Amino acid sequence: MITVRKSSDRGHASHGWLDTWHTFSFAQYQDPAHMGFRSLRVINDDIVAPSAGFPTHGHSDMEIVTWVLDGALQHKDSLGNGSVIRPGEAQRMTAGTGIRHSEFNASESERCRLLQIWILPERGGLEPGYEQTAFPPESRRGKLRLIASRDGREGSVTVHQDVSLYASLLDRGQKAELALAPGRHGWVQVAKGSVTLNGTRLDHGDGAALADETRLALEGVGDGTAEILVFDLG
C-alpha cells in the first residue's frame, strides 16, 4: 500500500527570513494524523534567506540528519564542531543527552535550501555526536546511494536507529529500485523534480509511505533531474 502526502497538504510557515514546509507536525503546525511515520519524526523543507539562520538552540534524544539541496549552511555546536554543509553532504547530529547548535546560510547573496530530518533514536541518553560525509553526484545518479545507516556501512553516516537512508538523482527514464524485506516500511521524499513510485507519480515536495510492499521502484519523469530521498524503516 502506498499513501501519498502531497506537497500542498504539508504544514507551511513564512517568517520572512525562513520559508518552511513541514511533512509532519512541527512547531506551530500540529496535525494528529501526521505525527511522523515509524521512527521518522520530522521532514522540514527549509529555505533560508542570505546571512539568516537559526540562532543557538538545544536538542536532546533525537537523531538529526541535514541534507542541503541548494547553497551552503554554516553549522556550529557545543561539541566544538564548525563546518559548512554543501549539496551532496550528509550531516548527522546525535543530540542524545543534550547538544546546542546554530545554523546559518553561509552566503550573503544566495538562499539556502535544505531538508532537515529528525529520527527517533533507538534509546535515550546517548552520548552527543557529529558526523559529516560527502556523496558526489556521480555516486547518486541513476542509483540509490546509501547515505545514512545504523551500522555506517558503505561509508554512510551512522544513525542510532534501524533506518537506512538513500539519496538518488534520476533523469527522465532512469530507474532505481530497492527491495523491502518482510515487515519493513518505506518513505520516499521528492526534493526536486518528478518521479513515479511503483507507477504512482510524485512531484516536487511530495512524500509517500509504503507498507506491505516488497519493492520500491522509482523512475525519473518530466523535465530536469529529480532528487529523491528514500527511507527503509523498521
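D203 and R201 pair up in a salt bridge, with their closest N and O atoms 2.8 Å apart. D203 counts as partly exposed because its relative accessibility is 25%, and R201, at 47%, is partly exposed too. Keep in mind that this is a predicted model. The full tally comes to 15 salt bridges, and below we look at some of them, then at a buried arginine, two pockets and a couple of backbone oddities.

**Salt bridges**

- As background, side chains of opposite charge can pair when their charged atoms come close.
- R153 and D151 make another such pair, with 3.0 Å between the closest N and O atoms.
- Within that pair, R153 is partly exposed because its relative accessibility is 31%, while D151 reaches 53% and so counts as exposed.
- R172 and D223 also join in a salt bridge, at 3.3 Å from N to O.
- R172 sits in the loop between strand 15 (163-170) and strand 16 (175-179), and D223 in the loop between strand 21 and strand 22 (226-233), so this pair ties together parts that are 51 residues apart in sequence.
- Both partners, R172 and D223, are exposed.
- R10, D45 and R113 go beyond a simple pair: a network of salt bridges links them.

**A buried arginine with no salt bridge**

- R145 belongs to strand 13 (residues 145-149).
- R145 is buried but has no salt bridge.
- How far away is the nearest side chain of opposite charge to R145? That side chain belongs to E154, and the distance is 4.5 Å. A salt bridge has to fall within 4 Å, so the pair doesn't make the cut.
- E154 does offer R145 something else: its backbone oxygen lies 2.9 Å from a polar atom of the R145 side chain.

**The largest pocket**

- The largest pocket holds about 320 Å³ of space.
- Its lining runs to 22 residues, and those closest to the pocket centre are L18, H22, F26, A27 and F54.
- Several strands supply at least two lining residues each: strand 2 (11-14), strand 3 (18-22), strand 4 (40-48), strand 5 (53-59), strand 10 (99-105) and strand 11 (112-119).
- Which strand gives the most to this lining? Strand 5 does, with five residues.
- By class, the lining of the largest pocket splits into nine nonpolar, 11 polar and two charged residues.

**The second largest pocket**

- The second largest pocket has about 160 Å³ of space.
- T3, V4, R5, F24, A33, H34, G36, F37, W187 and A209 line this pocket.
- Strand 1 (residues 2-5) is the top contributor here, giving three residues to the lining.
- The class breakdown for the second largest pocket is six nonpolar, three polar and one charged.

**Positive phi outside glycine**

- A27, which turned up above among the residues closest to the centre of the largest pocket, has a positive phi near 55° despite not being a glycine.
- A27 is in the loop between strand 3 and strand 4, and it counts as exposed because its relative accessibility is 53%.
- D212 is another non-glycine residue with a positive phi, this one at about 60°.
- D212 is found in the loop between strand 20 (207-210) and strand 21 (215-221).
- Is D212 buried or exposed? Its relative accessibility is 77%, so D212 counts as exposed.

Key. Residues numbered from 1 in each chain as written. Predicted model: local features only at pLDDT ≥ 70, side-chain atom pairs only at ≥ 80, totals over all residues. Heavy atoms only, no water. 1 Å grid on protein atoms, 1.4 Å probe; cavity = no way out; pocket = protein on both sides within 12 Å on 5 of 7 lines; lining within 4 Å. Points joined across faces, edges and corners; volume = space filled by probe spheres on them. Helix = DSSP H or I, 4+ residues; strand = E, 2+ residues; numbered from the N terminus. Nonpolar A, V, L, I, M, F, W, Y, C, P; charged D, E, K, R; others polar. Buried < 20%, exposed > 50% of the residue type's maximum accessible area, 1.4 Å probe, protein only. Lys, Arg positive; Asp, Glu negative; His and termini not counted. Polar contact = N/O pair within 3.5 Å; in protein donor to acceptor, adjacent residues only side chain to side chain.
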